[in-house]
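Colleague: I would like to learn how to read a pocket and a ligand site in a model like this one. Please take me through them in turn.

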Amino acid sequence: MDGKKAVESFTVMNELVLPNDTNTFGNLMGGRLMYWMDIAAGIAAGKHCNAPSMTASVDNLSFKNPIKLGNVVHIEAKLSRAFNTSMEVHLRVWGEDNLHQYKYESNEAYFTFVALDPNGNPRKVPQLIPETEEEKKLFDGALRRRQLRLILAGKMKPDDASELKALFFAK
Ligand SMILES: CCCCCCCCCCCCCCCC(=O)SCCNC(=O)CCNC(=O)[C@H](O)C(C)(C)COP(=O)(O)OP(=O)(O)OC[C@H]1O[C@@H](n2cnc3c(N)ncnc32)[C@H](O)[C@@H]1OP(=O)(O)O
């Protein structure tokens with residue numbers, strides 16, 4: 001299976017924040033944003049593996065700035081690394097005030113997707129080829145993030161997390 005470039009999964013999604021998307025402060029609800037991020041990440045994963053894929057996990061999400069009613073939500077999603085059957089998708093989110101012409105950072109997150117075969121079982125995905133400096137940095141950090149999330153999910157023993165341990169203990 002040939003590798004695919006990170007840029008091939010690049011996905012941009014724009015949504016307008018309407019009254020039904022907001023809380024009582026007139027800001028976008030966090031849950032609605034996560035829903036849109038999930039879709040953007042799913043599209044990016046689909047572009048990479050050309051197969052249906054499921055959200056396996058979402059890393060910690062923090063909201064830096066609220067996105068206001070009437071503003072545009074701009075989501076960018078791109079694969080940061082592919083493993084065996086799973087893919088890590090990096091997402092960045094901005095709010096855009098088109099009236100006053102400024103853009104503000106809202107949040108950043110990593111979603112993990114697993115590609116499925118027609119029987120619903122995990123299937124192999126192409127490896128990811130990072131090209132830019134930023135893509136290479138995200139690619140390198142992905143192994144650590146994977147080990148941490150698998151430990152937290154009870155799917156890996158801390159003793160086996162060599163990349164993570166290397167962060168804390170000098171060799
Ligand atoms: C045809 C073309 C289409 C084109 C494009 C279409 C675009 C279309 C856009 C759709 C946009 C909407 C996208 C929304 C998608 C949902 O919202 S899906 C709904 C929410 N998610 C779910 O319901 C998933 C429920 N969970 C499961 O089904 C299973 O646990 C999973 C995720 C398939 C994993 O299965 P499992 O039997 O536990 O698998 P296991 O063999 O242990 O591990 C398989 C892989 O999963 C990884 N994994 C397992 N658990 C975790 C975890 N907690 N954290 C991280 N990784 C994990 C493992 O590390 C392993 O990865 P690799 O080492 O192989 O790389």
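Colleague: How do the residues of the lining of the largest pocket divide into nonpolar, polar and charged?

Modeller: This is a predicted model. The lining of its largest pocket has twelve nonpolar, seven polar and seven charged residues.

Colleague: How is such a pocket found, and what is the volume of the largest pocket here?

Modeller: The general idea is that a probe the size of a water molecule, rolled over the atoms, shows where empty space is left. In this case the volume of the largest pocket comes to about 620 Å³.

Colleague: Which residues lie nearest the centre of the largest pocket?

Modeller: Ser 57, Thr 112, Arg 146, Arg 149 and Leu 150 do, out of 26 lining residues. Two or more lining residues come from each of strand S3 (53–58), strand S5 (86–97), strand S6 (102–115) and helix H2 (133–152). H2 gives the most, with six residues.

Colleague: Now the ligand. Which residues come nearest to the ligand?

Modeller: There are 24 residues around the ligand, and Thr 55, Thr 85, Ser 86, Arg 146 and Lys 155 come nearest. Arg 146 is also listed among the residues nearest the centre of the largest pocket.

Colleague: Which side-chain or backbone atoms lie at short range from N or O atoms of the ligand?

Modeller: Take pairs of N or O atoms within 3.5 Å. A side-chain N or O atom of Ser 57 is 3.0 Å from a ligand nitrogen. For Asp 38, a polar side-chain atom lies 3.2 Å from an oxygen of the ligand. Asn 84 uses its backbone instead, with an N or O atom 2.9 Å from a ligand oxygen.

Colleague: How much of the ligand's accessible area does the protein cover?

Modeller: On its own the ligand has 1300 Å² of accessible area, and the protein covers 57% of that. Helix H1 (30–49), S3, S6 and H2 each give two or more residues to the shell around the ligand. H1 has the largest share, five residues. By type, the shell holds eleven nonpolar, nine polar and four charged residues.

Colleague: What are the confidence scores of the model?

Modeller: As a rule, predicted coordinates should not be read in detail where pLDDT is low. Here the mean pLDDT of the protein chain is 94, with 99% of its residues at 70 or more. Both ipTM and pTM are 0.95.

Terms used. Residues are numbered from 1 along each chain as its sequence is written. This is a predicted model: local features need pLDDT of at least 70, side-chain atom pairs count only at pLDDT 80 or more; totals for chains, interfaces and linings use all residues. Side-chain values use heavy atoms; hydrogens and water are left out. On a 1 Å grid over the protein atoms alone, a cavity is a set of points where a 1.4 Å probe fits but cannot get out, and a pocket is an open set with protein on both sides within 12 Å along at least five of seven lines; lining residues have an atom within 4 Å of a point. Grid points are joined across faces, edges and corners, and a volume is the space filled by probe spheres set on the points. Helices (H or I, at least four residues) and strands (E, at least two) are DSSP runs, numbered from the N terminus. Ala, Val, Leu, Ile, Met, Phe, Trp, Tyr, Cys and Pro count as nonpolar, Asp, Glu, Lys and Arg as charged, and the others, Gly among them, as polar. A residue is near a molecule or strand if one of its heavy atoms lies within 4 Å of it. A polar contact is a pair of N or O atoms within 3.5 Å; within protein, one must be able to donate a hydrogen and the other to accept it, and residues adjacent in sequence count only if both atoms are side-chain atoms. Accessible areas come from the Shrake-Rupley method with a 1.4 Å probe; for residues, only the protein chains shown count as cover. pLDDT is the predictor's confidence in each residue, from 0 to 100.
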